[in-house]
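Reader: I am in my first year and I would like a close look at one part of this chain. Please take me through a single helix and what it packs against.

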Amino acid sequence: MIKANFQDFPEHRTNFYLLLESINQHCFSALLQIPPDKFKLVMDSIVWAFKHTMRNVADTGLTTVLTLLQNLDGKDVSQSFYQTYFLNILQHIFSVVTDTMNAAQLSNQSKVLAYMFSLVEQKKIAVALYSLVSLECNAI
């Protein structure tokens, strides 16, 4: 219903992303229990939120992704999460930072980037974020 475009059903979109934000804030351990394919849908939804043209949805998405990253700190699953999603999130954050349509969220985008950079600087990411095999395949 809301995945066809960014305009239809704005009230449903807003409330859906607010629901994701609330689950992330209040039921984070339950969020980590869902199967990987469903968790990917959650992550894709959060990315869609912070790329959204509606400012309130984009702000909710940025807040959600920042809170999610903060909630992962010290968790057993954090390294697996970073290996799977860190570069993808970083790529999408850079895409919205460089998109003039999302210039109003620059402050929140910067907070997410700063937190992600701090994770690297503080060596909280202890796994490779890329595969040597994929790098070799891309070089050919």
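Author: Here is a walk around one helix, its partners and the loop before it. The model is predicted, so local features need pLDDT of at least 70 and side-chain atom pairs count only at pLDDT 80 or more, while totals for chains, interfaces and linings use all residues. Residues are numbered from 1 along each chain as its sequence is written, and side-chain values use heavy atoms, with hydrogens and water left out.

Start with the whole chain. Its secondary structure comes to seven helices and zero strands. Helices (H or I, at least four residues) and strands (E, at least two) are DSSP runs, numbered from the N terminus. Of the 140 residues, 37% count as buried. Buried means under 20% relative accessible area, exposed over 50%, and partly exposed in between (1.4 Å probe, protein chains only). Contact means heavy atoms within 4.5 Å. Among contacts with a separation of 6 or more, 67% join residues 24 or more positions apart.

Now the helix itself: H6, residues 106–121. H6 has 16 residues, which should span 22 Å at 1.5 Å a residue; its end C-alpha atoms are 22 Å apart, so the two agree. The expected span is 1.5 Å times one less than the number of residues. After H6 comes Lys-123, with a positive phi near 55 degrees.

Which residues of H6 are buried? They are Gln-109, Val-112, Leu-113, Tyr-115, Met-116, Ser-118 and Leu-119. An α-helix has 3.6 residues a turn, so residues three or four places apart point the same way. The buried residues of H6 pack against H4 (55–72) and H5.

Take H5 next, residues 78–97. Two packed helices are described by the angle between their axes and the distance between the axes. H5 and H6 pack at about 145 degrees, with axes 10 Å apart. Axes are lines fitted to C-alpha atoms, for helices over the stretch in contact, and angles run from 0 to 180 degrees between N-to-C directions. H5 passes H6 in a left-handed crossing; that is, the near helix is turned anticlockwise from the far one by less than a right angle. On the H5 side, the residues that meet H6 include Tyr-82, Phe-86, Ile-89 and Ile-93. On the H6 side, they include Val-112, Leu-113, Met-116 and Phe-117. By class, this contact has 15 nonpolar, one polar and no charged residues. Ala, Val, Leu, Ile, Met, Phe, Trp, Tyr, Cys and Pro count as nonpolar, Asp, Glu, Lys and Arg as charged, and the others, Gly among them, as polar.

Phe-81 also lies in H5. Phe-81 counts as buried because its relative accessibility is 5%. Leaving out residues up to four places away in sequence, Phe-81 touches Leu-68, Leu-69 and Leu-72, among others. Those three leucines are among the buried residues of H4.

H4 is the other partner of H6. H4 has 18 residues and reaches 26 Å from its first C-alpha to its last, close to the 26 Å expected. Its buried residues also include Ala-58 and Leu-62. H4 is followed by Gly-74, whose phi is positive, near 85 degrees.

Last, the loop between H5 and H6, where Gln-105 is found. Gln-105 is buried because its relative accessible area is 4%. Not counting residues up to four places away in sequence, Gln-105 touches Arg-55, Ala-58, Asp-59 and Leu-62.
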